Amino acid sequence: MILINDRNRDKELGMWISEKVDVDYFDGNPCFGTEKDGELVAAVMFNSWNGSNVCIHNRIEHPAAITRGLLNTVFSYAFKHLGARRITGAVVGNNYKAIALNLKLGFELEGVFKNFFAGPDGTVTHFVMWPEKCRYIGEIYGT
C-alpha cells in the first residue's frame, strides 16, 4: 500500500469518495488515501471545519487499505495540524461494517437519528473521536 498525502490529488480522492458516499467534494477539502498497484483502495476527506470540529467521510474498498500510516496521517492532521477538539463521523443506514469499524478505531457513539433522511432506512449514526482518546496520533507521513 502506498500512502497518498498530496494536496494536488485532493480532488481526485474527493471525487472518488463521492462516487460511493453521499457527500460532495469541494475545492479545499483535504483528502488522504492509499493505493495498491496504482488503484485507489481507501480515502478520507475532511469538510465542515468550524474551528473546533471537523467532519470526515471515507470510502474503503478493503479493510487492509486502512494502514497505520493513513490512520496516523488522518488523525494527526485533524488534531495536530488543524487543532481540532473533536472529529465527527456519520454512518448512514444500517451499514454495520462501517459502524463496527468506527467503534474498532476508537470512535464513541454520539447519537442515532432515526428518519433523518427519506427512504426505508433514513437512520444516521453519529460518532465522535476525541484527541485524548485517539491512539493514532503520530506523524503526518508523506508519499
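**A helix between two strands**

Visitor: What is the sign of phi at G83, the residue that follows α2?
Guide: This is a predicted model. In it, helix α2 covers residues 68-81, and G83 comes after that helix. The phi of G83 lies near 80°, so by the sign of this value it is positive.

Visitor: How many of the 14 residues of α2 are buried?
Guide: Buried here means under 20% relative accessible area. The residues of α2 that meet this cut-off include G69, L70, F75 and F79. The helix is mostly covered, and the number of its buried residues is eleven.

Visitor: Which hand does the crossover from β4 through α2 to β5 have?
Guide: Strand β4, residues 53-60, pairs with β5 in the parallel sense over four bridges. Within this pair, V54 stands opposite I87. The chain passes from β4 through α2 to β5, and this β-α-β crossover is right-handed.

Visitor: Which residue of β7 stands opposite A90?
Guide: Strand β5 spans residues 86-92, and five of its seven residues are buried. Six bridges join β5 to β7, residues 124-129, and these two strands run antiparallel. In β7, the residue opposite A90 is H126.

Visitor: How many disulfides does a search of the whole structure find?
Guide: A disulfide requires two cysteine sulfur atoms within 2.5 Å. For C55, the nearest cysteine sulfur belongs to C31 and is 14 Å away; for C134, the nearest is that of C55, 16 Å away. The search of the whole structure gives a count of zero.

How values were computed. Residues are numbered from 1 along each chain as its sequence is written. This is a predicted model: local features need pLDDT of at least 70, side-chain atom pairs count only at pLDDT 80 or more; totals for chains, interfaces and linings use all residues. Side-chain values use heavy atoms; hydrogens and water are left out. The expected span of a helix is 1.5 Å times one less than its number of residues. Buried means under 20% relative accessible area, exposed over 50%, partly exposed in between (1.4 Å probe, protein chains only). Two strands pair if DSSP finds at least two bridges between them. A crossover is right-handed if, with the strands pointing away from the viewer, the path from the first strand over the helix to the second runs clockwise.
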